[in-house]
Amino acid sequence: MTQTDLETFVASLDNVQREENFGYAFFFVGDDHRLSFVTFADSDNEYDNVSNLNREGVFRVNIGISKETFKNLIGEPIDPVDYSVLNVFLPHPDYAKQHYICILNPSGENVETTKKLILEAHAIAAARLQRKKKR
């Protein structure tokens, strides 16, 4: 599945807004743009060069999931991690403590798993927005 295909999937979800910055595509639920639920990156930059994204056709999906899902999928993060490997779920290089995972070029069965994780992240972000609106 291509980055465009996955971005189209994300954009089709309810109340999603997209913003680009620092070479990333950030996706938010509603107008609260403080914490994206999913981001896409397809090139290295001064802030992020651990995934070797400058390779032809390589992109990374970053997804904010629940603590329980993170633990079930990743377990306890260990060092060192090879962030350049394709089609493997890994703890995010900078935001693992906030339960973000990443995957480069999901394919095969990991495409459906990636979509399910994006749906979970969207639900978490939607619930956070609802809580904020009730304050």
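What follows is a walk through two helices, some aromatic contacts and the empty spaces of this structure.

A little housekeeping first. This is a predicted model, where local features need pLDDT of at least 70, side-chain atom pairs count only at pLDDT 80 or more, and totals for chains, interfaces and linings use all residues. Residues are numbered from 1 along each chain as its sequence is written, and side-chain values use heavy atoms, with hydrogens and water left out.

Let's start with helix H1, residues 3-11. Helices here are DSSP runs of H or I with at least four residues, strands are runs of E with at least two, and both are numbered from the N terminus. Gln3, Leu6, Glu7, Phe9 and Val10 of H1 are buried, where buried means under 20% relative accessible area, exposed means over 50%, and partly exposed is in between (1.4 Å probe, protein chains only). Looking down the axis of H1, those buried residues fall within an arc of 155°, so they line one face of the helix; the arc is that of the directions from the helix axis to the C-beta atoms. Thr4 and Thr8 are exposed on the other side of H1. The spacing fits a familiar rule: an α-helix has 3.6 residues a turn, so residues three or four places apart point the same way.

What do the buried residues of H1 pack against? They pack against S1, S2, S3, S4 and H3, with contact meaning heavy atoms within 4.5 Å. Phe9 also has a charge for company: the charged end of Lys115 sits over the Phe9 ring, 5.3 Å from its centre. To count, NZ of Lys or CZ of Arg must be within 6 Å of the ring centre and within 35 degrees of the ring normal.

Helix H2 (residues 67-74) has Thr69, Phe70 and Ile74 as its buried residues. They cover an arc of only 105° around the axis, which puts them on the same side of H2. Glu68, Lys71 and Asn72 are exposed on the other side. The buried residues of H2 pack against strand S5 (90-91), strand S6 (100-104) and helix H3 (109-134). After H2 comes Gly75, with a positive phi near 75°.

On to the rings. There are five aromatic pairs in the structure; rings of Phe, Tyr and Trp (its six-membered ring) pair if their centres lie within 6.5 Å, and planes under 30 degrees apart count as stacked, over 60 as edge-to-face and the rest as tilted. Phe22 and Tyr47 make an edge-to-face pair, 5.4 Å centre to centre with 80° between the planes. Phe22 is in the loop between strand S1 (16-21) and strand S2 (24-29), and Tyr47 is in the loop between strand S3 (38-41) and strand S4 (60-64), so this pair ties together parts 25 residues apart in sequence. Tyr47 counts as exposed, at 53% relative accessibility. Elsewhere, ring pairs link Tyr24, Phe26 and Phe28 into a cluster.

Two of those cluster residues turn up again at the largest pocket, where Tyr24, Phe26, Ser36, Thr39 and Tyr95 lie nearest the centre among 20 lining residues. On a 1 Å grid over the protein atoms alone, a pocket is an open set of points with protein on both sides within 12 Å along at least five of seven lines, a cavity is a set where a 1.4 Å probe fits but cannot get out, and lining residues have an atom within 4 Å of a point. The pocket's volume is about 480 Å³, a volume being the space filled by probe spheres set on the points, which are joined across faces, edges and corners. S2 gives the most to this pocket's lining, with three residues.
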